[in-house]
Every structure is written in structure tokens, then in C-alpha cells.
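Open your viewer and get ready to make some selections. We will move from one stop to the next.

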Amino acid sequence: MVKETKFYDLLEVSPDASDQELKKAYRKKALRLHPDKGGDPELFKEVTHAYEILSDSQKRSIYDTRGEAGLSEQGGFGGGGMDAQDLFSQLFGGGGGGFFGGGGGGRQQGPRRTKDLVHRVHVTLEDLYKGKTTKLALTRNIICGKCKGKGGKDGAVKTCNTCHGRGVKITLRQMGPMIQQMQSPCDECSGTGEIINMKDRCTQCKGKKVVPEKKILEVHIDKGMKNGQTVTFSGESDQVPGAEPGDVVIVIEEKPHERFKRQDNDLITEVEIDLLTALGGGQFAIKHLDERVLVVTLVPGEIIKDGDLKVIHGQGMPSVRHHEPGDLYVKIAVKFPDHIDPELIPHLEAALPPRKPMEKLDKNAVIEEVVLAEPDNRRRPDQDRDDEMDEDDGEPRVQCGNQ
Ligand SMILES: [Zn+2]
Ligand SMILES: [Zn+2]
């Protein structure tokens, strides 16, 4: 036996109804009583509250044994609770918001904010290395100065009768077992929730309450900023009466560079030197991201091999906050000559370690002399593997950088 039946009566179910039956009953009643279907908002709230209690087994047992009074003794269970609209949306899906009091949705905390304006800027590696201030022109809405955001003369603005100021029209549609909530802007007031007499409309904003304004923002791109980093201008987004303006968020996008790859604060570059420089020393230059050219002298007698990775300390990108420089990795390719005068080969023989002798042949081996020819490029069996190896070019493999 239950103490009271009020909540069950509201849902038109018996006190021994199952959870399924409760849900079904609530759904039926809520659809009929929904304010957008011309239902009584107070009754809708009461029915929703009843369902909220009865659908929670703990609350339901308190209600069954001690009635409504028992719930209020428990503190918090009685009044308030969930927003009727939240519960309704939760049950029936669809984007809620806007039924009780204009826009924003019940769940949002604090004052309403307009959307952040996100803008991407493409920045060269040079600018990220040196830092730069760039100007950005944006158009945003600001509150109309003439009507101070009212849209017209005092008293000219009236709440739309069709949508009761909500600005939206809700239609409920049954799709099989689901009930779908469709939201569309109110035709009468074009979704604004308000009606202004043509003749009373503000002449500057034409009743829109806001006017577009062009604004120049100075974006300071600090040295060492990284791809995806943001610069925020607080409150510089669109203004709307009764809401806080959102932020303008500038997203830094690093443009790819033809000579350098960036890896965090390190830079990677590729340099090609000729065979003589690789063997006998010489110089090569690396044009940096500022005006400087780094000149490297290779000491004669120290050999550079094709594919060697070397490092120049302190010539990478500056770090974000303290501008401490990373390192510059140099991947060296050695360009071999296409031809050499055979008469000069004795000089090479004098300079280089002797040829490795051919491995000893088995005395029964059958010897056949063959010709080494150029393969047809399109049919090279190693073509695919070559391509794959090219892809991880430029990754600094620190362990092989023996300086
Ligand atoms: Zn105006
Ligand atoms: Zn309307």
C-alpha cells in the first residue's frame, strides 16, 4: 500500500506500475501537455516532476512509504530537481533548449556567450623564427549605437505572439517508436522572438539591434610559436544584446618550408656536397631563416659519408617562452661524379685504402664473365622500397650523429 497516489494519478497509472509503464505513460502525457502543443506549462512541469520522482527507485520508495512530505524531508528531492525540459529532451532526444524562457538551453552555466570567432593564419617558418606582428581585418557585429541594441523606439519591440518570444517553432513527429522533436525558426518573427512595427524600427540597424563593424586586430606572433597554437582576443567576437561576446581565436598554421623541416624546437635540413669535399674537406653554406648564412668548414682528413647526420647546436627554433634555441640537424648527401678520367685513377689508388680483394673462389667453381648494365627504370625491383625509405628522410637519428 502506498501513502499517497498523487504522482501516480498525474501520470494516470496504478501505484504498482512498472518502470516501462511509467515511461510510456509519461511520454503520452508529456506529448499532450507540451507547451508547444498548446498544453498548460504548469501541468507539464508537475507531470514531469512526478515522473522524475517515480522513475528513480530510491525516490519512489520514499514517496511510496512517506508521501511527498517524506521527499522534502530528504532535502532536495522535493522541489527543484531536474529541469522539465531537460528530462523531456533526455527522453525523446533532439536538441532541447528554448522552451522555457528564450534561447541558451537549460544546461548552460552563467551568462550566455556568443560564439567564438576562429580564424586561421598561415605563417611562414621565417616569421615563426623571428617573430612578427601581423594585422588582421575582421568584420563582426556590434550593438547598434543608435538604438542601444533595442532595435527601435522604446516600447516598439513586442514579444512575438506566435512563438511566445522563443523564436522557434517545435513540431513533434512520430517516427516508428521514436518521437522526434523538430525545431525550426518562427516564421512570424524570423526567429528573433520579437515583432517591431516597420515605422518604429531603428533606421541604422533596421531593427536587427546590431550593425557590422570592421576591426583591425594586431596579432603578435611570438618567436617559436608552433603549429596549432592560438592567440585569443577576449570578447572581440560578435556582440548581441543580453549576451557576453565570445572571443576571437587566431590559430597559427605553419606553412611548409622548402629547405627546413621543423620537429618541435629542432630544425632539419638537407645539404648536398660533392665527393671531393666529402673526402678532402671544404666548405658549404646553409642559409638560415633570418638574414644569416651559416658557413661550415669540413676539416681535410675527416670523411663525410653519404647520408651522415650532423648537428649544429643552438641553431634550431627558439622555444616558445624563453626563446632558448633548439638544434639544427644537417643530413648530408654526397654527390658522386658521373665520370672520372682513368688516367688519374692511380692518384686515387695512392690516396685511398686498397681495393678489397675478390673472395676466394672454390677451385671447382665454373667461372662465367658477365656485364653489368643499367636497368630499365620502370622495372626496377627495388623501386617501391626506395620510395618507402625516402619517406623517413629528415628524421634526426641522433644516435648516429658522431660529431
Ligand atoms: Zn539600431
Ligand atoms: Zn515568433
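This tour visits a metal site and then the nonpolar cores of a predicted model.

**Stop 1: the zinc ion**

Select the zinc ion (ligand 2), then add Cys160, Cys163, Cys186 and Cys189. These are its protein donors, each through its SG atom. They lie 2.2 to 2.3 Å from the ion. Look at the arrangement: the angles among the four donor atoms run from 103 to 117 degrees, and the site is tetrahedral. Along the sequence, the donor residues follow the spacing C-x2-C-x22-C-x2-C.

Now keep just two of them, Cys163 and Cys189. Cys163 sits in the loop between β3 (157–159) and β4 (168–175). Cys189 sits in the loop between β5 (178–185) and β6 (194–196). The two are 26 residues apart, so the pair links distant parts of the chain. Are they buried or exposed? Both Cys163 and Cys189 are buried.

**Stop 2: the largest nonpolar core**

Next, select Ile250, Ile252, Ile273, Phe284 and Ile286. They have the most contacts inside the largest nonpolar core, which has 33 residues. Add strand β15 (residues 328–335): it gives four residues, the largest share of this core. Where does the core lie? Domain 2 (117–156 + 197–254) and domain 3 (260–361 + 393–400) both give residues to it, so it lies between them.

Zoom in on Ile273. Leaving out residues up to four places away in sequence, Ile273 touches Ala278, Phe284, Leu298, Ile304, Ile332, Ala333, Val334 and Lys335.

**Stop 3: another core**

Finally, select Ala50, Leu54, Tyr63 and Leu71. They are among the 20 residues of another core, which lies apart from the one at Stop 2.

Key. Residues numbered from 1 in each chain as written. Chains lettered and ligands numbered in written order. Predicted model: local features only at pLDDT ≥ 70, side-chain atom pairs only at ≥ 80, totals over all residues. Heavy atoms only, no water. Core = buried A, V, L, I, M, F, W, Y, C linked by side-chain atoms within 4.5 Å. Buried < 20%, exposed > 50% of the residue type's maximum accessible area, 1.4 Å probe, protein only. Domains from an automatic or database assignment. Contact = heavy atoms within 4.5 Å. Donors = N, O, S within 2.8 Å, 3.2 Å for Na, K, Ca; no water. Tetrahedral: all angles 85-135°; square planar, octahedral: opposite > 155°, others 65-115°.
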